[in-house]
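Reader: Please walk me through this one. Keep it brisk.

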There are 2 protein chains.
Amino acid sequence: MKNKLYVIGIGPGDPELLTLKAVRVIKESPVLCVPKGREEGSSLALSIAQKAVRLDGKEIIEAHFPMVKTRAQNLPTGQAGTEHRAQTEAKEVLDDKWGEIAETILRSLKQGSDVAFLTLGDPTIYSTFFYLYDKLLELQPGLDIEIIPGVSSINASAARANFSLGLGNESIAILPANYLDNLKDTLDQFDTVVLMKVNKVLDEIVKLLREMELISRAVCVSRAGMEDEKIYRDITKIKQEGLNYFSMVIVRK
Amino acid sequence: MKNKLYVIGIGPGDPELLTLKAVRVIKESPVLCVPKGREEGSSLALSIAQKAVRLDGKEIIEAHFPMVKTRAQNLPTGQAGTEHRAQTEAKEVLDDKWGEIAETILRSLKQGSDVAFLTLGDPTIYSTFFYLYDKLLELQPGLDIEIIPGVSSINASAARANFSLGLGNESIAILPANYLDNLKDTLDQFDTVVLMKVNKVLDEIVKLLREMELISRAVCVSRAGMEDEKIYRDITKIKQEGLNYFSMVIVRK
């Protein structure tokens, strides 16, 4: 197969944060594949790309990736088993879904078009694309896939808060915040800790940072670079219930 | 002061990885400030930007940042004191140097121009700019500084190697590799470990990864996205002496 799959990071949300390469490759690709979180919803990645590039005449494949928890959190013992079974089933549903999307992409490639798969932020960091990657290569060994990096929401959030993530010999840890078990140790060991998707666990984080006297070293950035971006320099003032899914806390000691 | 300092991440080296915003702001800024590592050398950031944007007629301020180690490594006891004194002196030299650059930037801003400071990769991650940041605000409290994020070399390296840095609930650690003390623990605790600037310590890293049976999980990327980029999928084959300064190892368990 001579056609190529491009996986393009379109950045955190500001259409001006697309790279020149992202714009060129989107322009040149007759088929775009865009992920979306809800069957009936629209694709955020598509709506951002649309503000930077004219997409008229392109074929758009909307790939619905249902959201699913992939690891049990700290649940009471009784619930963990049920949760585990529910997750195994959910994983199988997802696996079928990715199989379908992979086949659709391969069909377009076989019909003679390059395909561009758009991802929010950067494709290598917590992006849905890598769930597809193995599937694609399993169905079509040797498939030519080029990943075009983008501006990650982590760098964009730090930029908006005028925070450095690291300088010189400093170390950085990035943790999905729904997995807080080792957070204290990590805060002890690293100069900077980035906590992703804090919206469901912010109160716990605030409590721990208070105990460790690190509360003044933290900033929370929600929807960096988007129109409704928010920067909270005092994270004790945030109401957890109201916090957006695209929110992260950066602690810099 | 109504003028603004823009700090622009121009990405890892490929001129097409500048963002639309970087290109626009560089075009609109009459004065550019570019860092360079050697007094007599040229600025790598400038040469990359030049391939994406016409710079004719702009005033270019070249800021020479001498390289300096900022923390003692594992030296024999006798040497540590000498090293420490040498570093304290070097830090003072650097501090003077940053003071000079900050004053030059402020002079341009006062004379009525916006200034764009270019950095390789992303400004928030191991970039020289943050050494200037405090100095600038000390000399001009309330100075308007906007940081424009860019594609980091970490994301670009992972993309070139078709490696995911993290998925779902996985954790990521980023360590400058000249500070290896806790590397084993970090490799135990994190799903992905990124080691920056491995060129002087690669042999040690290879030894440890072999012992931990992680050697097949590592990739080394040198000068990601530049013309002389190299990707080493078997890091035991690399000769440390020949390895470029812009090289990193990514270990994904």
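**Where the chains meet**

Reader: In which sense do strand E6 (residues 172-176) of chain A and E6(B) pair?

Author: This is a predicted model, in which local features need pLDDT of at least 70, side-chain atom pairs count only at pLDDT 80 or more, and totals for chains, interfaces and linings use all residues. Residues are numbered from 1 along each chain as its sequence is written, while chains are lettered from A and ligands numbered from 1 in the order in which they are written. Helices (H or I, at least four residues) and strands (E, at least two) are DSSP runs numbered from the N terminus, and two strands pair if DSSP finds at least two bridges between them. E6 of chain A and E6(B) share 3 bridges, and their sense is antiparallel.

Reader: Which residue of E6(B) does A:Ala173 stand opposite?

Author: A:Ala173 belongs to a cross-chain pairing, E6 of chain A with E6(B). Its opposite residue in E6(B) is B:Ala173.

Reader: Which element gives the most to the side of chain B that touches chain A?

Author: The contact (C-beta atoms, placed from the backbone, within 7 Å) takes 46 residues from chain B and 46 residues from chain A. On the side of chain B, helix H1 (20-28), strand E5 (145-148), helix H5 (153-160) and strand E6 (172-176) each give two or more residues. The most, 5 residues, come from E6(B).

Reader: How many residues of each class are on the side of chain B that touches chain A?

Author: Ala, Val, Leu, Ile, Met, Phe, Trp, Tyr, Cys and Pro count as nonpolar; Asp, Glu, Lys and Arg count as charged; the others, Gly among them, count as polar. On that basis, this side of chain B has 26 nonpolar, 15 polar and 5 charged residues.

Reader: What kind of axis relates the two copies?

Author: The copies are superposed by least squares on the C-alpha atoms of residues with pLDDT of at least 70 in both. A rotation of 180 degrees, with 0.0 Å of shift along its axis, puts chain B on chain A at an RMSD of 0.0 Å. The copies are thus related as by a two-fold rotation axis.

Reader: Why do the copies meet through the same surface?

Author: Compare the interface residues of the two chains. The copies meet through the same surface because the interface residues of chain B that are also interface residues in chain A come to 100%.

**Inside the chains**

Reader: Is B:Leu118 buried or exposed?

Author: B:Leu118 lies in strand E4 (residues 115-119) of chain B. A residue is buried if 20 or more other C-beta atoms lie within 10 Å of its own, exposed if 12 or fewer, and partly exposed in between, with C-beta atoms placed from the backbone. B:Leu118 has 28 such atoms within 10 Å, so B:Leu118 is buried.

Reader: Which residues does B:Leu118 touch, not counting residues up to four places away in sequence?

Author: One partner, B:Ala49, is 69 residues apart from B:Leu118 along the chain, yet their C-alpha atoms are separated by 8.4 Å. The full list is B:Ile8, B:Ile10, B:Leu32, B:Val34, B:Ala45, B:Leu46 and B:Ala49.

Reader: Which residues of E4(B) are buried on each side?

Author: E4(B) is mostly covered, with 5 of its 5 residues buried. Strand E1 (residues 5-9) of chain B runs parallel to E4(B) over 5 bridges, and strand E2 (residues 31-36) of chain B pairs with E4(B) in the parallel sense over 3 bridges. One side of E4(B) has B:Val115, B:Phe117 and B:Thr119; the other has B:Ala116 and B:Leu118.

Reader: Which elements do the buried residues of H5(A) pack against?

Author: Helix H5 (residues 153-160) of chain A has 8 of its 8 residues buried. Those residues pack against elements from both chains. They are E6, strand E7 (192-196), strand E8 (218-222), strand E9 (230-232) and strand E10 (247-252) of chain A, together with E5 of chain B.

**Confidence**

Reader: Over which residues of chain A does pLDDT stay under 50?

Author: The complex gets an ipTM of 0.90 and a pTM of 0.91 from the predictor. Chain A averages a pLDDT (the predictor's confidence in each residue, from 0 to 100) of 89, and 89% of the residues score at least 70. Where pLDDT is low, the predicted coordinates should not be read in detail. In chain A, the stretch under 50 is residues 70-77.

Definitions and conventions: Two residues are in contact if their C-beta atoms, placed from the backbone, lie within 7 Å.
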